[in-house]
Every structure is written in structure tokens, then in C-alpha cells.
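I pulled this one up to see how its inside is put together. My notes follow, in the order I looked things up.

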Amino acid sequence: MTERQNEVLAVLGKLADAWNDGDAAAYASHFTEDADYVTFFGMNMPGRALIESSHRSLFEGLMKGSKLVPGSGEPKVRFVRPDVAIVVSGGGSSLSGGAKPEPGRESTLTYVLVEESGGWRVASFQNTRVSDPAARAS
């Protein structure tokens, strides 16, 4: 990994730390003011303020005590411009505090990060649940 790739991945580590601490303000601080956050069920939460408030509700309710954990494989970091990076990685959540995503909670995550004066921030995020369409067809 290059130094720039490590800088980008450090932001994702900070996101996970904030989630794992249940800190919605810290979590949202890593997004641009006008970020798009697309959930695994397709809802778009536009803007840092909505990202923060929705995660505050999650951290106080349904996802209280949950942990973000890495999925299988290494994250892929690609720079489409020197100040824009796309990261595709596996990951998910554990409600029990385990080290791997629980069944049905593993996702493929896509991040678009931009470099601003204060460092790298997430401008767009997409969470897609991993599923096996063939298994559902049977």
C-alpha cells in the first residue's frame, strides 16, 4: 500500500472506531457536508446532518452496542484523480461483538473519498448486502 492509500484507509478505520464507540457526531464528521449515504436497503440519506441524526438513532436503538467488522478480502483503493479515491471493501456488522459479520449482515461497501483542506472525507457511500441470487431462486 502507498502512503496515500493508507491515508484513505485510515478514514475508514476512524469511521469504524466512531461506530464502535456509538458516536454519531464523530462518525458523521468523516463525511462531506453534502455526502450521499445509501443504505443496504436503498435509502439515500443526503448530507452530514442527516447522516449524524440517523446514526444517533441507530446507536441509541436497533444497533446499540454493534460493531463494524471487516469482511473477507483486502480493500481495493483506486485513485481516479489525485484528490478522489474509490474504495471497494467487504465488511458488515456484528450485534454480538464478534470479529466477523454475522450471517446476513455482510456487505460490499463502496466509498468515494475526496481530499479537502482538512483531509480525506467520504463524499458518497453505498452499502450492498452480499447475497446469493441462485440460493433465493431455489
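Aromatic pairs came up first: I count 10 of them, bearing in mind that this is a predicted model. I took Trp 19 and Tyr 27 as my example. Their ring centres are 5.7 Å apart and the planes meet at 70°, so I log the pair as edge-to-face; the cut-off for that label is over 60 degrees. Both Trp 19 and Tyr 27 are buried.

Next I asked which residues join these two in an aromatic cluster. The cluster also takes in Phe 31, Tyr 37, Phe 59, Tyr 111 and Phe 125.

One charge-over-ring case went into the book as well. Arg 129 sits over the face of Phe 40, 3.8 Å from the ring centre.

Then I turned to helix 1, residues 3–21. With 19 residues at 1.5 Å each, I expected a span of 27 Å, and the end C-alpha atoms are indeed 27 Å apart, so the two agree. I listed its buried residues: Gln 5, Val 8, Leu 9, Val 11, Leu 12, Leu 15, Ala 16, Ala 18 and Trp 19. Looking down the axis, I find the buried residues within an arc of 165°, so they line one face of the helix. Glu 3 and Asp 21, on the other side, are exposed. Right after the helix comes Gly 22, with a positive phi near 70°.

On to the core. How many residues does the largest nonpolar core have? I get 26, and those with the most contacts inside it are Tyr 27, Phe 31, Tyr 37, Val 87, Tyr 111, Leu 113 and Val 122. At least two residues each come from helix 1, helix 2 (24–28), strand 1 (31–38), helix 3 (48–60), strand 5 (84–94), strand 6 (106–116) and strand 7 (119–129). Helix 1 gives the most, with 7 residues.

I followed up Val 122, skipping neighbours within four places in sequence. Its contacts include Val 11 and Leu 15, two of the buried residues of helix 1. Val 122 also touches His 30, Phe 31, Thr 32, Ala 35, Tyr 111, Val 112 and Leu 113.

Last, I checked Glu 52, which lies in helix 3. Is Glu 52 buried, exposed or partly exposed? At 22% relative accessibility I have to call Glu 52 partly exposed, because buried means under 20%. Beyond its neighbours within four places in sequence, Glu 52 is in contact with Ala 24, Ala 25 and Ala 28. I also took its separation from Leu 113: the C-alpha atoms are 18 Å apart, for 61 residues along the chain.

Note on methods
Residues are numbered from 1 along each chain as its sequence is written. This is a predicted model: local features need pLDDT of at least 70, side-chain atom pairs count only at pLDDT 80 or more; totals for chains, interfaces and linings use all residues. Side-chain values use heavy atoms; hydrogens and water are left out. Rings of Phe, Tyr and Trp (its six-membered ring) pair if their centres lie within 6.5 Å; planes under 30 degrees apart count as stacked, over 60 as edge-to-face and the rest as tilted. Buried means under 20% relative accessible area, exposed over 50%, partly exposed in between (1.4 Å probe, protein chains only). A charge sits over a ring if NZ of Lys or CZ of Arg is within 6 Å of the ring centre and within 35 degrees of the ring normal. Helices (H or I, at least four residues) and strands (E, at least two) are DSSP runs, numbered from the N terminus. The expected span of a helix is 1.5 Å times one less than its number of residues. The arc is that of the directions from the helix axis to the C-beta atoms. A nonpolar core is a set of buried Ala, Val, Leu, Ile, Met, Phe, Trp, Tyr and Cys residues joined through side-chain atoms within 4.5 Å. Contact means heavy atoms within 4.5 Å.
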